[in-house]
Amino acid sequence: MKTSSDIAVFGRPVLAGKAKLEIALAKGKKLHDKREATAQRDWQRDKARLMKERG
């Protein structure tokens with residue numbers, strides 16, 4: 001039989017009925033960042049295609 005002192009969450013012991021929570025808020029990319037990332041990805045793809053064609 002396990003007691004509360006035997007239970008571990010994320011490698012840390014849980015104390016009698018108490019748990020430590022970690023909360024985070026993340027924001028997505030802005031539209032201009034998405035456009036820049038897409039343009040960079042497209043350029044890398046085109047560059048690889050050109051290099052492959054040239055040998």
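**Close-ups of a β-β-α chain**

**View 1. The whole chain, end to end.** Starting at the N terminus, the elements follow the order β-β-α. That gives 2 strands and 1 helix in total. Keep in mind that this is a predicted model. Of the 55 residues in the chain, just 2% are buried. The accessible surface adds up to about 6000 Å², and carbon and sulfur atoms account for 58% of that. The structure has 2 salt bridges, and the next two views take them in turn.

**View 2. Asp42 and Arg45 pair up in helix α1.** Here a salt bridge links Asp42 to Arg45, with 3.0 Å between the closest N and O atoms. Both residues belong to helix α1, which covers residues 31-54. They sit 3 residues apart, or about one turn of the helix. How exposed is Asp42? Its relative accessible area is 31%, so Asp42 is partly exposed. Arg45 is partly exposed too, with a relative accessibility of 45%.

**View 3. Asp46 meets Arg49.** The second close-up of a pair shows the side chains of Asp46 and Arg49 joined by a salt bridge, at 3.1 Å from N to O. What separates Asp46 and Arg49 along helix α1? They are 3 residues apart, so about one helical turn lies between them. Asp46 has a relative accessibility of 34% and therefore counts as partly exposed. For Arg49 the value is 44%, so Arg49 also counts as partly exposed. As a general reminder, side chains with opposite charges can pair when their charged atoms come close.

Key. Residues are numbered from 1 along each chain as its sequence is written. This is a predicted model: local features need pLDDT of at least 70, side-chain atom pairs count only at pLDDT 80 or more; totals for chains, interfaces and linings use all residues. Side-chain values use heavy atoms; hydrogens and water are left out. A salt bridge is a side-chain nitrogen of Lys or Arg within 4 Å of a carboxyl oxygen of Asp or Glu. Helices (H or I, at least four residues) and strands (E, at least two) are DSSP runs, numbered from the N terminus. Buried means under 20% relative accessible area, exposed over 50%, partly exposed in between (1.4 Å probe, protein chains only). Accessible areas come from the Shrake-Rupley method with a 1.4 Å probe; for residues, only the protein chains shown count as cover.
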